[in-house]
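Trainee: Could you show me how to read a helix and what packs against it?

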Amino acid sequence: MKLQLALDLVGIPGAIEVVKQVEQYVDIVEIGTPIIINEGLHAVKALKEAFPNVTVLADLKIMDAAGYEVMKAAEAGADIVTILGVAEDASIQGAVAEAKKQGKQILVDMIAVKNLAERTAQIDAFGVDYICVHTGYDLQAEGQNSFEDLRTIKSVVKNAKVAVAGGIKLATLPEVIAVKPDLVIVGGGITGQADLAAAAAEMQKLIKQG
Ligand SMILES: O=C([C@H](O)CO)[C@H](O)[C@H](O)COP(=O)(O)O
């Protein structure tokens, strides 16, 4: 089980500062969608230049023109690129093909997918690397989480790794770990804490205990 730090509400200097503090406790660093909207793929390039050994995920949440967008993220240095599960099959297949060509990986974000079990089985057959259940900020604000959805996709997936994101905090991490996802994605649960390194270290400890 791996831990991914999601960086969403910072600029490039802020992102670099956070990674300096928690690099040793996380496996993957995500350049979140809000950063990419503000700074472009330059943020991915800057992080990869500052931390060449860190695995970087570019949270593009691709919806179309997938092969081209995966290619641009790969050029910027991304190791993993996200596409939406609600995208067309052709887009997801195009993303996978381009990622394989570039030696990169694809994470499919299942945010807003309604027929979760059925769509997960379809996407799992496309050769994607990760399938991720995700409760975004707007539904987190309504008190929702993805823990039941995680159990659903765990029971369906045969090939891909399984990931979970959305509002995970230290207090709720044990409930997530109990379902044994391959990847746990945490943003505010680390970046919103007074002591970022302590929060990340504690999460890593719980994850390693499995
Ligand atoms: O993907 C995300 C969200 O849609 C904003 O882009 C976040 O990175 C993801 O939800 C993880 O962050 P937290 O919910 O703060 O843990």
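Mentor: Sure. This is a predicted model, and the cover over the buried residues of α11 includes β1 (2-7), α1 (12-22), α9 (173-177), β8 and α10.

Trainee: Which residues of α11 are buried?

Mentor: Start with the general idea: an α-helix has 3.6 residues a turn, so residues three or four places apart point the same way. Here, Ala199, Ala200, Met203 and Ile207 are the buried ones in α11. They cover an arc of only 95° around the axis, which puts them on the same side of α11.

Trainee: And what does the face turned away from the buried side carry?

Mentor: That face of α11 has the exposed residues Lys205, Lys208 and Gln209.

Trainee: How far apart should the ends of α11 be?

Mentor: Count 1.5 Å a residue: the 14 residues of α11 (residues 196-209) should span 20 Å, and the end C-alpha atoms are 20 Å apart, which agrees. After α11 comes glycine 210, with a positive phi near 65°.

Trainee: Some of those covering elements sound handy. Which elements each supply at least two residues of the shell around the ligand?

Mentor: Those are α2 (33-39), β8 (183-186) and α10 (188-191). In total, 17 residues surround the ligand, and the closest are Ala6, Thr33, Gly136, Gly187 and Gly188. Sorted by class, the shell has 7 nonpolar, 8 polar and 2 charged residues.

Trainee: What radius of gyration would a compact globule have with 210 residues?

Mentor: Near 17 Å, and the protein has 16 Å, which agrees. Of its 210 residues, 43% count as buried.

Conventions. Residues are numbered from 1 along each chain as its sequence is written. This is a predicted model: local features need pLDDT of at least 70, side-chain atom pairs count only at pLDDT 80 or more; totals for chains, interfaces and linings use all residues. A residue is near a molecule or strand if its C-beta atom, placed from the backbone, lies within 6 Å of it. Helices (H or I, at least four residues) and strands (E, at least two) are DSSP runs, numbered from the N terminus. Ala, Val, Leu, Ile, Met, Phe, Trp, Tyr, Cys and Pro count as nonpolar, Asp, Glu, Lys and Arg as charged, and the others, Gly among them, as polar. The radius of gyration is taken over C-alpha atoms; the globule rule is 2.2 Å times the number of residues to the power 0.38. A residue is buried if 20 or more other C-beta atoms lie within 10 Å of its own, exposed if 12 or fewer, and partly exposed in between; C-beta atoms are placed from the backbone. The expected span of a helix is 1.5 Å times one less than its number of residues. The arc is that of the directions from the helix axis to the C-beta atoms. Two residues are in contact if their C-beta atoms, placed from the backbone, lie within 7 Å.
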